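Here is a quick tour of a protein model, written for someone who would rather be at the bench. Keep the structure open while you read and click along.

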Amino acid sequence: MRFKFIIKKWANFYFFVQNLAEWHFSCRKDYNKEWKKELGKFSEREKIALRKFKTIHLKYPYEKKYLGLPFFLNKNPWEKLKNVLTKAEFQTLQNVFSVFSGKFEYLYKRDFPFLKAWQKFLFEKVNRFPFNEKINKILASFYRAPQIKDEVKVYLLVSGEKFGGSANLDKKSIVLEISRYPIKKENLWQILGTIWHEIAHSWFETYFLEPSLKKILKNEKEKTAQNKIDAICEMTNRVLVHPEGILGEKFLKIPLEKERFSPKNLKIFLTWQNLVREYLKKHKPIDEAYIKKVLPLYSKIKKICYRLSLKK
């Protein structure tokens with residue numbers, strides 16, 4: 001397998017606007033604070049545009065309806081969006097991007113050299129990481145999924161001084177918000193961990209874990225079921241991969257930061273991690289018995305994931 005690091009202007013423009021709109025709890029408010037200091041006060045016209053954008057985006061949140069997909073996966077996002085949005089929504093969205101074109105161009109011009117530097121650094125370092133295939137094999141075995149054999153696309157985006165990642169595109173595409181994060185060798189391990197964390201979401205968990213959870217929870221309310229699926233997939237990923245995971249510690253030398261947890265949450269986390277460690281030790285793939293053991297922990301861990309994400 002290989003990683004291809006991509007800089008796409010439309011993807012960055014979309015990310016910039018949607019993050020400013022704060023339509024979802026996962027939007028990075030710390031980036032917005034940094035950008036607003038640099039870009040100055042927003043006009044009433046700009047504030048209204050962001051509210052309109054948020055209203056539209058809430059109708060097209062994630063998966064197949066995800067509003068962001070065309071900006072990443074299509075050469076001309078507007079051609080695709082014509083067939084997704086109503087005529088009024090389409091016109092409103094074009095207007096929002098027009099309103100923010102000046103601010104975005106200023107930010108993108110500043111950050112583009114940083115993105116190019118990261119692109120070169122990551123291509124050289126990540127593709128030469130000696131344990132990629134071993135991690136690929138372990139994740140495939142544990143998650144009951146095929147190994148990734150060809151290319152993974154990693155879209156590089158503007159950021160604040162911290163970095164982040166997501167996996168809301170397709171099975172072999174992920175996102176890194178990274179432009180202003182310092183390029184240092186010691187930061188590479190956290191980036192590698194994040195890459196594998198997002199790949200676990202986008203590829204590995206979609207084959208058995210996620211479908212099994214959907215099947216088991218099919219009689220629950222849709223929103224409740226999805227919250228449980230998201231939390232259990234996230235905690236499984238965290239205890240196995242990164243940033244607190246078994247593989248992160250083994251291959252990336254990233255120790256468990258116990259200070260990130262309250263004593264109560266640490267106990268829950270270690271109980272979950274020991275369960276996963278036992279499966280790995282026995283070379284045992286994830287199964288329904290695993291799901292039945294972790295489902296009762298949902299009420300205890302649903303807030304842990306969110307709090308840890310804020311601290312990342």
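## The strands

Let's start with β3 (residues 164-166) and β4, which run antiparallel and are joined by three bridges. Strands here are DSSP runs of E with at least two residues, helices are runs of H or I with at least four residues, and both are numbered from the N terminus. Two strands count as paired if DSSP finds at least two bridges between them. Before going further: this is a predicted model, where local features need pLDDT of at least 70 and side-chain atom pairs count only at pLDDT 80 or more, while totals for chains, interfaces and linings use all residues. Residues are numbered from 1 along each chain as its sequence is written, and side-chain values use heavy atoms, with hydrogens and water left out.

Back to the pair: β3 and β4 make a hairpin, with six residues between them. Gly164 has Glu177 as its bridge partner in β4. On the parallel side, β4 pairs with β2 (residues 151-157) over five bridges. Val154 is matched with Ile174 of β4, and Leu156 with Leu176 of β4. β2 also pairs with β1 (residues 2-6), again in the parallel sense and over five bridges. There, Phe5 stands opposite Val154 in β2.

## What is covered

How many residues of β4 are buried? Five of the five residues in β4 (173-177) are, so the strand is mostly covered. Buried means under 20% relative accessible area, exposed means over 50%, and partly exposed is in between (1.4 Å probe, protein chains only). In a regular strand the side chains alternate between the two faces of the sheet. In β4, Ser173, Val175 and Glu177 point one way while Ile174 and Leu176 point the other way, and all are buried. β2 has five of its seven residues buried, so the rest of the structure largely encloses it.

Helix α9 (residues 188-202) holds Ile191, which is buried at a relative accessible area of 0%. The C-alpha atoms of Ile191 and Gly165 are 9.0 Å apart, with their positions 26 residues apart along the chain.

## Salt bridges

Side chains of opposite charge can pair when their charged atoms come close. The structure holds 19 salt bridges, each one a side-chain nitrogen of Lys or Arg within 4 Å of a carboxyl oxygen of Asp or Glu. One of them links Lys9 and Glu105, with the closest N and O atoms 3.0 Å apart. Lys9 sits in helix α1 (residues 9-21) and Glu105 in helix α7, so this pair ties together parts that are 96 residues apart in sequence. Lys9 is partly exposed at 38% relative accessible area, and Glu105 is partly exposed at 37%.

Is the pair Arg238 and Glu244 buried or exposed? Arg238 is buried, with a relative accessible area of 1%, and Glu244 is buried at 2%. Their side chains meet in a salt bridge of 3.2 Å, N to O. Glu278 and Lys282 also form a salt bridge, with the closest N and O atoms 3.8 Å apart. In that pair, Glu278 is partly exposed at 37% relative accessibility, while Lys282 is exposed at 55%. Elsewhere, Glu38, Arg110, Asp111 and Arg180 are joined into one network by salt bridges that share partners.

## A positive patch

Arg2, Lys125, Arg128 and Lys185 gather in a patch of positive charge on the surface. For such a patch, residues need over 30% relative accessible area and no salt bridge, and like charges are joined within 9 Å. Arg128 is in the loop between α7 (101-126) and α8 (132-143) and is exposed, at 66% relative accessible area.

## Backbone oddities

Most residues other than glycine have a negative phi, and most peptide bonds are trans. The peptide bond from His242 to Pro243 is cis, with omega near 5 degrees. Pro243 is placed in the loop between α11 (222-240) and α12 (246-251).

Which way does phi go at Glu22? Its phi is positive, about 50 degrees, although Glu22 is not a glycine. Glu22 lies in the loop between α1 and α2 (29-39) and is partly exposed at 29%. Lys253 likewise has a positive phi, near 55 degrees. Lys253 belongs to the loop between α12 and α13 (263-281), and it is exposed with a relative accessible area of 66%.

Conventions
Patch = residues over 30% accessible without salt bridge, like charges linked within 9 Å, V, L, I, M, F, W, Y side chains within 5 Å. Areas by Shrake-Rupley, 256 points an atom, 1.4 Å probe, with all protein chains shown as cover. Lys, Arg positive; Asp, Glu negative; His and termini not counted. Charge placed at Lys NZ, Arg CZ, Asp CG, Glu CD.
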